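The exercises below ask you to follow a chain from strand to strand and then to look at single residues within it. Please keep the sequence and the structure open while you work through each solution.

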Amino acid sequence: MIANLKMSESNKRTAEEDESCETADEWIGPMPNEASKPKKRKVLQYEQVYIDNMPSSESYEKSYMHRDTITHLVLTKTNFIITASCDGNVKFWKKSSEHGIEFVKHFRSHLDMINMIKLTYVPNTCCWIYSPGDAVAAVAL
């Protein structure tokens, strides 16, 4: 048994022999440049125009999902992001590790001026006067 161990130790390669064996002649399979052919790059017709008009700032005052300046932003404990803009739009987004930030819901508030008038009498009844689809509704007193 001892003779077998000595014989197996003498058959081992040295580190120098190992390095000399790893030459290009022993490469098995296709060369890396042959294995993957370069993909043809799709060229947009007006690519330079798009590149020239791309924003190049670290931060932005205007969101491309909101139509006006964002005035409020809140991150909830449940990973919802709520944004509001000065034109009365409130948008809800969900933050997830898989998809990043996804749009969830949009609410639009009215910013119409509400008129207040002081009457010299107390009206008995009030009623909205409008037809479906009217842009302006009125109140009859």
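Two strands are said to pair if DSSP finds at least two bridges between them. The model used here is a predicted one.

**Exercise 1. Work out how strands β3 and β4 are arranged and connected.**

Step 1. Strand β4 covers residues 100-108, and β3 pairs with β4 in the antiparallel sense over eight bridges. Because two bridges are enough for a pair, the eight bridges between β3 and β4 satisfy the criterion.

Step 2. To find a residue pair across these strands, begin at Lys94, which stands opposite Glu102 in β4.

Step 3. Following the chain from β3 to β4, one passes through three residues, and the connection is a hairpin.

**Exercise 2. Trace the pairing from β1 to β2 and from β2 to β3, and describe each turn.**

Step 1. Strands β1 and β2 run antiparallel and are joined by five bridges; within this pairing, His72 has Ala84 in β2 as its bridge partner.

Step 2. Four residues separate β1 from β2 in a hairpin, and Asn79 in that turn has a positive phi of about 65 degrees.

Step 3. Strand β2 (residues 80-85) is in turn joined by five bridges to β3 (residues 89-96), again with the two strands running antiparallel. Here the bridge partner of Ile81 in β3 is Trp93.

Step 4. The hairpin of β2 and β3 has three residues between the strands, and Gly88 in its turn has a positive phi of about 90 degrees.

**Exercise 3. Decide whether strand β1 is largely in the open or not.**

Step 1. A residue counts as buried when its relative accessible area is under 20%.

Step 2. Strand β1 spans residues 70-75, and of these six residues the number buried is zero, so β1 lies largely in the open.

**Exercise 4. Classify Ser85 and Gly100 as buried, partly exposed or exposed, and describe their surroundings.**

Step 1. Ser85 lies in strand β2, and with a relative accessibility of 5% this serine counts as buried.

Step 2. The side chain of Ser85 makes a polar contact of 3.1 Å with the side chain of His66, and another polar contact, of 2.4 Å, joins the side chains of Ser85 and Asp87.

Step 3. If neighbours within four places in sequence are left aside, the residues in contact with Ser85 are His66, Asp68, Thr69, Ile70 and Thr71.

Step 4. Gly100 belongs to strand β4 and is partly exposed, its relative accessible area being 31%. With neighbours within four places in sequence again left aside, Gly100 is in contact with Lys94 and Lys95.

Note on methods. Residues numbered from 1 in each chain as written. Predicted model: local features only at pLDDT ≥ 70, side-chain atom pairs only at ≥ 80, totals over all residues. Heavy atoms only, no water. Buried < 20%, exposed > 50% of the residue type's maximum accessible area, 1.4 Å probe, protein only. Polar contact = N/O pair within 3.5 Å; in protein donor to acceptor, adjacent residues only side chain to side chain. Contact = heavy atoms within 4.5 Å.
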